[in-house]
Amino acid sequence: MRGTAGRYPLDPPTVRRLGAALVRVLPHGTAHLLVGRDTRESGGWIEAELAHGASGEGAAVTSVGVVPTPAVAYWTRKAGFDAGVVISASHNPFEDNGIKVFSGRGEKFTERVEQEVEAIVDDPSWRAKSGEAGQVARADLVGAYLDHLGAVVPERAALKGFRLAIDCANGATATVAPELFRQLGLDAVVIGNQPDGRNINLQCGSTHPERLARTVVESGCRMGVAFDGDGDRAIFVDHRGQIVNGDAVLLMCGRQLQREGRLKGNLVVATAMSNVGLELALRQLGIGLVRCAVGDKYVMEEMLARDLSLGGEQSGHIIFSDYLFTGDGLCTALNVLRTMTLTGRSLADLAADLVSYPQVLLNVRVREKVGLDTVPAVMAAIARVESRLTGQGRLLVRYSGTEPLLRVMLEGEHEDEIHIWAQEIVDVVKKQLG
């Protein structure tokens, strides 16, 4: 659930009903929920309302305050909570917020369970607990999460003095990332670590890595890593200030896991947004690529179904199932550092192994998300572009899962050409749905 904080469905009564509905859908008669949040100013009252609704159904609720999303997933599984709840809108601006839920196994809820919760919330035959929401019991579990992350890099002696820059997006990683890298002996230049409730993701973090790129070059760092607001994704910058995305991370870490005999099934999961160059590079290593729908939840489901160890998205959501079945920006950063250390190669050198086809991604704001097959003009524009590709590229047109946007992604041999074709689709969408 995601939207503008204070407005339906993130208004106090609906959030309270959601807290109650979560408990009703859980298999245990009495439930214990773990709640964490990012740095948005609305996070506190949303947490209080959700906990009040859950307690009305007999649940105990424990808050860990501001922590990254994967920390909640890890603690939920490790400490035996029945579910974990994260209050965050990820990379969205501060006015937005959201609620996502992890099962007791530390995995995101499936669509089936989500639909059950929605049905309970919509059922008018019951009411959530009345009264004023009070304080939520607190626990400090940061140390356990840092210990869990430290185990990713047993070769930590080789990291001593490694100079890197980190951008915490004025978000949840500000509470843990600087301390983690300090404990590991790295020389970290930290930016984006002064949250004020309203500056989360504001010209910083994984969606705005320009400042990080300048910092890396100006400070003489060997690499940089930018997290998003809730810390479940990471985008990298090499020593020259060049962006390194999730496709390159999947390639370099997939190869490293293969060397160590830890790449289960000799397969990597990626979404439809990953560049065809990743597929070709993995194929040369004898590694297969399994594609799934866009969204780290679908990556997780595919990995679980096939018992695989690595998957992710071009946007920087990377899942290492040896450690956790959800994206974890800090875990990803440590795996990249480990790969650099074990191979003796720079991030720029490792990223150069990925030869990407030109890719154009255009976004167009829409009034509503209607089925594209009900808009003949849009379907005709898509068909025209697909006929021109003739097997030498890929076209993907889909709605954003978090914003009122339609995304048009096109890959092909010539960038100028595919940009014109993508813009052709966007122009039609603007006319029909904008």
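Which residue just after α3 takes a positive phi? Keep this question in mind while you open the structure, which is a predicted model, and begin the tour at the helix that the question names.

**First stop: helix α3 and the strands around it**

Select residues 69-78, which form helix α3, and colour them so that you can find them again later. This helix is mostly covered, since eight of its ten residues are buried, and the buried ones are Thr-69, Pro-70, Ala-71, Val-72, Ala-73, Tyr-74, Trp-75 and Thr-76. To see what covers these buried residues, add the strands β2 (32-37), β3 (60-66), β4 (83-87) and β5 (96-103) to your selection, together with helix α5, all of which are included in the cover. Now step just past the end of α3 and select Gly-80, the residue that answers the opening question, because its phi is positive, at about 75 degrees.

**Second stop: strand β4**

Move on to strand β4, where five of its five residues are buried. If you show the residues one by one, you will find that Ala-83, Val-85 and Ile-87 point one way from the strand, while Gly-84 and Val-86 point the other way, and that all of them are buried. How do β2 and β4 run, parallel or antiparallel? They run parallel and are joined by five bridges, and a good place to look is Leu-34, whose bridge partner in β4 is Gly-84. Strands β4 and β5 are also joined by five bridges, but these two strands run antiparallel, and here you can select Ala-83 together with its bridge partner in β5, Ser-103.

**Third stop: a cluster of rings**

Return to α3 and show the side chains of Tyr-74, Trp-75 and Tyr-145, which ring pairs link into a cluster. A search of the whole structure finds two aromatic pairs. In one of them, the rings of Tyr-74 and Tyr-145 have their centres 6.4 Å apart and their planes at 45 degrees, so this pair is tilted. Because Tyr-74 lies in helix α3 and Tyr-145 in helix α5 (residues 142-150), the pair ties together parts that are 71 residues apart in sequence. Both Tyr-74 and Tyr-145 are buried.

Why is the pair of Trp-75 and Tyr-145 described as edge-to-face? Their ring centres are 6.0 Å apart and their planes stand at 70 degrees, and a pair counts as edge-to-face when that angle is over 60. This pair, too, links distant parts of the chain, with Trp-75 in helix α3 and Tyr-145 in helix α5, 70 residues apart. Trp-75 counts as buried at 3% relative accessibility, and Tyr-145 counts as buried at 0%.

While α5 is on the screen, select His-148, which lies in this helix and counts as buried at 12% relative accessibility. Apart from its neighbours within four places in sequence, His-148 is in contact with Tyr-74 and Tyr-323, so that Tyr-74 brings you back to the ring cluster.

**Fourth stop: helix α1 and a tryptophan ring**

Next, select Gly-19, which is found in helix α1 (residues 12-25) and is buried, with a relative accessible area of 0%. Leaving aside neighbours within four places in sequence, Gly-19 is in contact with Leu-50, Gly-53 and Ala-54. If you draw a line from the C-alpha of Gly-19 to the C-alpha of Ser-55, it spans 8.2 Å, although the two residues are 36 residues apart in sequence.

Now show the ring of Trp-126, where the charged end of Arg-17 sits over the ring, 4.1 Å from its centre. The charged end of Arg-24 also sits over the ring of Trp-126, at 4.2 Å from its centre.

**Last stop: helix α14**

Finish with helix α14 (residues 415-433), whose 19 residues reach 26 Å from the first C-alpha to the last, close to the 27 Å expected at 1.5 Å a residue. Its buried residues are Ile-418, Trp-421, Ala-422, Ile-425, Val-426, Val-428, Val-429 and Leu-433. They cover an arc of only 160 degrees around the axis, which puts them on the same side of α14. The elements that cover them include β16 (359-365), α13 (376-389), β17 (394-399) and β18 (405-411). On the face turned away from this buried side, select the exposed residues Asp-416, Ile-420 and Lys-431.

Technical notes:
Residues are numbered from 1 along each chain as its sequence is written. This is a predicted model: local features need pLDDT of at least 70, side-chain atom pairs count only at pLDDT 80 or more; totals for chains, interfaces and linings use all residues. Side-chain values use heavy atoms; hydrogens and water are left out. Rings of Phe, Tyr and Trp (its six-membered ring) pair if their centres lie within 6.5 Å; planes under 30 degrees apart count as stacked, over 60 as edge-to-face and the rest as tilted. Helices (H or I, at least four residues) and strands (E, at least two) are DSSP runs, numbered from the N terminus. Buried means under 20% relative accessible area, exposed over 50%, partly exposed in between (1.4 Å probe, protein chains only). A charge sits over a ring if NZ of Lys or CZ of Arg is within 6 Å of the ring centre and within 35 degrees of the ring normal. Contact means heavy atoms within 4.5 Å. Two strands pair if DSSP finds at least two bridges between them. The expected span of a helix is 1.5 Å times one less than its number of residues. The arc is that of the directions from the helix axis to the C-beta atoms.
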